[in-house]
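Please look through the sequence and the model below before reading on. The explanation that follows moves from a pair of packed helices to charged pairs and then to a single residue.

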Amino acid sequence: MKTDNTSDWTLDEKGFTLKTPQLYRPWYNYISNAEYGIKISHLGDAYATTLGNPRIAVSNYDFFHPSKGRFVFVRDGETLWNPSFWPCKIPLDTYTCIHESGATTFSGEKNGIRVTQTIFVPETGTAEIWLVTAENTAENTAENTTHNTAATKQAIKTIDIMPEMEFLLYNSFSVDPVYYSWYSDTRIDDRGAILFERRIGSLVTGFFAPLQKSDDLETSLRRFLGNSDISRPEAAASGQFSDAMSGGDPYIGAFRNRISLAPGEKRTLCWFAGTGLDTLATLRARFPDTGSVLVELEKIRSQWKAKLDRPFFNNVPAGAYKNWLKTFFGYQLYQQSLGMVRGAWRGFRDVAQDIMGIASYDGPAARNLLLDLGTRMYASGRCLRQWNTEGGANDERDFRDLPFWLVIALEAYERYTGDSSIYLEKVTYLASAANATPAAATTLWEHAIKGIEYALQYGEHELVKMGAGDWNDALSGPGKEGGTTFLNEIAYFALSLTDKIAQNHGYSHTFDIASEKERLYQGVLRYWNGSWFARAVTETGEIVGDAEDNSGTGDCGHTGGRVFLLPQIWFTISGMGDHNSGSAAIAKLALDTVISKLERPAGLIKCDPGYREYDPKAGNLSALAPGMAENFAIYNHSAAFAVYAFLKAGRQLDADRIRQKILPFTKDWKKTKAEPFVLVNFYNGGY
């Protein structure tokens, strides 16, 4: 690989450009419309799903090895390579991967041939489009074209362009050979498209269709690989495809187009992939030639640019931060809320927070999410932890923070959009095992009140009972009758918003707001040690996260107790720091402890010290490997809460410093192994 002295990557107003095909881990882009999405890495490994429920995995994937994706094989004599570098792994003369909003483009050059591959999703339809341009980079001079016919012929390059993807059309990635043998088949239509049919349950048809005439095709992964593997498939290396159907094998779509290019000449090819014969017919009608496809690509780029740009970005100085804000910051919100990121599962708390983010970009989308979220609550007020978008069993664990998030999401939606009609929209409750018939539809306001009534249950410890858990999913040790300080804080916050909404719109509720907030506040103060708040109390009265809590630390050598981030920052976020004349000083001390105990050069850790041995008081949290996930990792999700807490407290310098540590492009990717353009949930490592 030829390299220069420039950075491995750049981030500009278009998007992210990677200049080295690093192999530490996949760096993904998510590309979707409302119906269909692709997850694709900088190496071309990828899969697609439909986005309607229940979802269908359109193409297959290997989560442990980048062996399945959106690969283009280039055969130049005996040399076989990919513009995405993978899977052939042949060193390229140049390589770039551009992840942008709405598309991913690979560009590779080898031995005087440059191949550019762009994958994008059109505005509508359950489909994706591949554009591949091959160019002979030799100079086309008058001398070698006019006076030297032999040299001209020698400079002409004849190559094979061979796109390949593996179909699945199943509701998960777990299939066995019986699926391919009994329930699926391939055929070719009259215009040369490979059609893959899944007959189990109902007929679903996938397609891989060339816009131009192909020389050959292949439908069997085994025939394509031959006596080799994906790094050098025998069919691609020889240029010999079977032109036959497959039966019982993993199904692929692969085409071969042999093209000859004079010096300076380019040729662009196009393929459509997706599900549904009607979708294929629509694509063929809309895009009769590559020119129309290029127009669609530029349209998609323009639409995303308009969606993601916000007037207040104009006040941000030019540079990496502004480029990130105008590209992947908002784009990640869209993909997290509406696109590919969630996969099979959607969580009640997660979707509520998605709504809070997307409402400032796309009010109608946030509104639809709110209407759906309300249907994930039972008439008792209990909420689903997660629901399965592939039609499988739901996650019924009774996490008690969940109901509080509904009113928080509703208030954020109104604040960003100005639309107060959302409170009076009626939605049904979820049918329960005891009552298969859903209760009559009631307003989202009534749903929010019902949820708070359900969750607001106190234990003898004067904390809200946690049921199966609270925001920290791994904190399972306290037990269902245990309580957490965070639950008191989020309940306080939710009641404050409830009171504000009720007064603004004349709505009724069942709470004595002042009395409940006083009880919640006093409950939290019971676990204040003068420097920080404890995290939780178990069913048997043991404290998690106080001055005496050093259990499970093994050889860490820490003394002086265990500090958790969440209750320190949520005391301020909730408004408890403004509860009375003495609460501001307590809030300040708690935030000071965050800085002194939990701040690290890379960000904020979630607790200190972490757990190196299992501690039943903490439960699953202490079973996590040290420095991993919720066990004292650098946890950006809770660090973002901290930025808000410091801003609310008027501590701008602390907020700016922590925000800067959170930003992905400020990290050394060789240490984090993470994309410099994606705000990840956490960085493993802790200390």
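**Helix packing, salt bridges and a buried threonine**

In this predicted model, helix 7 (residues 290-308) packs with helix 8 (residues 320-338) at an angle of about 90°, and their axes are 9 Å apart. Because angles of 65 to 115 degrees count as roughly perpendicular, helix 7 and helix 8 are described as roughly perpendicular to each other. Helix 7 contributes W304, K307 and L308 to the contact, while helix 8 contributes L325, K326, T327, G330, Y331, Y334 and Q335. Sorted by type, the residues of this contact of helix 7 with helix 8 comprise five nonpolar, three polar and two charged.

Helix 7 also takes part in salt bridges. One of them joins the side chains of R301 and E100, with an N to O distance of 2.9 Å. This pair links distant parts of the chain, since R301 belongs to helix 7 and E100 to strand 9 (residues 94-100), 201 residues apart. E100 has a relative accessibility of 3% and therefore counts as buried, the limit for that class being under 20%.

A further salt bridge of helix 7 is formed by E296 with R286, whose closest N and O atoms are 3.1 Å apart. Here E296 lies in helix 7 and R286 in helix 6 (residues 277-286), ten residues apart. The two partners fall into separate accessibility classes: E296, with a relative accessible area of 5%, is buried, whereas R286, at 30%, counts as partly exposed.

Which partner does D160 have in its salt bridge? The partner is R75, and the closest N and O atoms of the two are 3.2 Å apart. D160 lies in strand 13 (residues 157-170) and R75 in strand 7 (residues 71-76), so this pair ties together parts that are 85 residues apart in sequence. D160 counts as buried because its relative accessibility is 0%, and R75 likewise counts as buried, at 17%.

These pairs belong to a total of 48 salt bridges in the structure. Salt bridges also link K588, D592, E599, R651, D654, R657 and K661 in a network.

The last stop is T485, which lies in helix 13 (residues 485-505). Is T485 buried or exposed? With a relative accessible area of 0%, T485 is buried. When its neighbours within four places in sequence are left aside, T485 is in contact with L463, V524, Y527, A534, R535 and P567.

Terms used: Residues are numbered from 1 along each chain as its sequence is written. This is a predicted model: local features need pLDDT of at least 70, side-chain atom pairs count only at pLDDT 80 or more; totals for chains, interfaces and linings use all residues. Side-chain values use heavy atoms; hydrogens and water are left out. Helices (H or I, at least four residues) and strands (E, at least two) are DSSP runs, numbered from the N terminus. Buried means under 20% relative accessible area, exposed over 50%, partly exposed in between (1.4 Å probe, protein chains only). Contact means heavy atoms within 4.5 Å. Axes are lines fitted to C-alpha atoms, for helices over the stretch in contact, and angles run from 0 to 180 degrees between N-to-C directions. Angles under 35 degrees count as roughly parallel, over 145 as roughly antiparallel, 65 to 115 as roughly perpendicular and the rest as oblique. Ala, Val, Leu, Ile, Met, Phe, Trp, Tyr, Cys and Pro count as nonpolar, Asp, Glu, Lys and Arg as charged, and the others, Gly among them, as polar. A salt bridge is a side-chain nitrogen of Lys or Arg within 4 Å of a carboxyl oxygen of Asp or Glu.
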